[in-house]
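Hello,

Here is the structure you will be taking over. My notes on it follow below.

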Amino acid sequence: MTFNKKTARTALCIFSVFAFAFGFFACGKPVTSALVLQNDAAADNLIALNACAKTAAIDNPQKSTYMYFAFNAGQDFDRTGKSLEILVSELPKAEIPNAAQPGQNAQTGDQNAPRFCFGWLYEEDFAETYKLNKTLGAHNFVSGSHFPKFRVAMAFPQNVPVRGFFIYADTPVKIESARIVLQKTGWCTAGINAGENSSDPNALVPWYGFESDGGIIKSKYNSLAVDMNPAKKLSLYLGTPVPNENGKYDSIRMNVAGTPLSILQSPNQQKITLYPALLARNTGEGGAVTAEISDLTQTAVTGMVYEPVLPSKVATPLAPIVTDPGLIPNWPKSAWRRDDFELFQWEQFPYVLFFDTKDYDVQDKLFKRLAFFSEKAGYTGKLVTDKVMAGEHGFNAHDYKAQTLADFFELARKTNFPLNEYEVMLQKILCAHGIIAQNADGSFSAGFGALVSISQELSSFLRWRLLAHEGLHCLYFTNANFRSTVANAFNKTDPKSLQFILKYFTVTPSLNYDINDTYLIQNEYMAYILQQPLNEVADYFTKIVATKHYINANCPDLVKYVQESNGWGFYTAAKMMTPFLTDNWNYTAGRIWLVTTDY
């Protein structure tokens, strides 16, 4: 079933013949409804145009199946890009004598009549300010329901004067709330607000959102109409994954704007954010496209919501783009908001930021001094000048934890060290996202989180490989149980294999790690082993690392051992650490993403 605005057409003509005015209030002083219209922090009672609207309930459909509401004439609110969302609940029919049975229209007995409808009242429907005409014509509306309780939203039409709205129900219902919200289309049977406000008792109520000309509520859809608006995102809601007979989670297959996607389920992530405008390969007439779920994986998806990116216009990178790491390496540079770098936020770990820089020069301006401060032997804990760093290699990619970042900026503050403009910008970004905090006295302290940086100058292969490497570091920074898993593997690693990798870290000038920093060394040990798929671990150490000049020149005996043992020590270590990644996040060696595209 495709979710789009055309699905109400066939029902519209049927419904229009029932749209007679029953129990309208006479013209005079406005009758206040019990239903309050919420709009941001403001609230105002709606105007009831009939008796049911006064209580916001249809308690006996044999008497009336309609509620008519008008907006307060003095209530002015911006309707551009907005929807009216209502919360509908079914009243206990056992408590209401002589109530109509579900599916039967109380006035006509038509078994096929809609149980519930929600539509607009236009200027032409009103004889006076708060008085409707005696009969109403055909209207756009939403029909269908998801009782006992659901939310439904319909966008305000543009360039058409809307004065109010109506509700039709052939079963007892109550409208519990009404609010003005940003326009969203789609559906979510698990509740669109789940996780956003855990104190909301209605957070898990099924939600449906429609454009201004309505649609039909169904129990299940497999596609959603989207467009090429770059300021909109597609939120894919997932149920709690259930392992298959092999103990693994099945992938979800989708096609978004002509691009096939594979999405892995994770036990700790129930939402995936996609950007149709950046995925589009084939567009229809007027740029119209769809997001479609494979029938084989439809049961895993509980909702698809097409909504604005917040904020819709971002002039600076202080607001990161929320995404899965698997979409970052191929992110179109033409879509960057700045020319020099783009900023992303890891959806499963929102306290981790990804910087993708235009080139090594921009990356060095942001992170080279940090690299010397945090990891370079002989420089750790020191702020070095540009002159000292000149001609020295930083890193091709970077990663830093909250404490290291806070220590760096605090030392710069205390010593009045002149940071460059990129480092000043970095400090502001980190403060804005709580990775570091600036205290009342101006000092800096650690918040929580980490950052990753890769560069466009890297080859495609290295962008993927280093994204995994640096992302693994961030998992190490922010998860104590993962650090314990790594420490256990480190201590159980074949001694000669361990000697080999430690020597490689110290004798390679471009690395020059501080061997006395156990935290750093165990972190790097983990990332070098797990940065590639499990079946490539042994070859990486025997055919790449073992062939490097500096390790051969300094310890040929260890090189010989690793090659003759076929790198089994590193493969064994990878097998010890990988299950933690899989069990907790459905990641594995060489992969810290859930979304892959078939380009």
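Cys117 is buried, at a relative accessible area of 0%. Cys431 is partly exposed, with 25% relative accessibility. This is a predicted model, and it holds 0 disulfides.

Next, the aromatic side chains. Across the whole structure there are 43 aromatic pairs. One of them joins Trp346 and Phe349 edge-to-face, with 4.8 Å from centre to centre and 80 degrees between the planes. Trp346 has a relative accessible area of 1% and Phe349 one of 6%; under 20% counts as buried, so both residues fall in that class. Phe373 and Phe408 form another edge-to-face pair, here with 5.5 Å between centres and planes at 75 degrees. That contact links distant parts of the chain, as Phe373 lies in helix α4 (residues 360–374) and Phe408 in helix α6, 35 residues apart. Phe373 and Phe408 are buried too.

Trp346 and Phe349 also belong to a cluster linked by ring pairs. Its other members are Tyr351, Phe354, Phe448, Phe482, Phe580, Trp585 and Tyr587.

Two rings have a charged group over them. The charged end of Arg163 sits over the ring of Phe126, at 4.1 Å from the ring centre. For Lys333, the ring below the charged end is that of Trp336, and the distance to the centre is 4.8 Å.

Then there is a sheet to look at. It is open, has 5 strands in the order β24-β25-β26-β30-β27, and its pairing is mixed. Which strands stand at the edges? They are β24 (321–323) and β27 (398–401); each has a single partner strand, so one side of each lacks a neighbour in the sheet. On average, neighbouring strands are turned by 25 degrees against each other, direction ignored.

The partner of β27 is β30 (residues 450–455), and the two pair in the antiparallel sense over 4 bridges. Within this pairing, His398 has Ser453 in β30 as its bridge partner. Helix α6 (residues 402–415) packs on the sheet and touches both β27 and β30. The direction of α6 makes about 85 degrees with that of β27. Helix α6 is thus a place where two of these topics meet: it packs on the sheet, and it carries Phe408 of the pair with Phe373.

Regards

Note on methods
Residues are numbered from 1 along each chain as its sequence is written. This is a predicted model: local features need pLDDT of at least 70, side-chain atom pairs count only at pLDDT 80 or more; totals for chains, interfaces and linings use all residues. Side-chain values use heavy atoms; hydrogens and water are left out. Two strands pair if DSSP finds at least two bridges between them. Axes are lines fitted to C-alpha atoms, for helices over the stretch in contact, and angles run from 0 to 180 degrees between N-to-C directions. Contact means heavy atoms within 4.5 Å. A disulfide is a pair of cysteine sulfur atoms within 2.5 Å. Buried means under 20% relative accessible area, exposed over 50%, partly exposed in between (1.4 Å probe, protein chains only). Rings of Phe, Tyr and Trp (its six-membered ring) pair if their centres lie within 6.5 Å; planes under 30 degrees apart count as stacked, over 60 as edge-to-face and the rest as tilted. A charge sits over a ring if NZ of Lys or CZ of Arg is within 6 Å of the ring centre and within 35 degrees of the ring normal.
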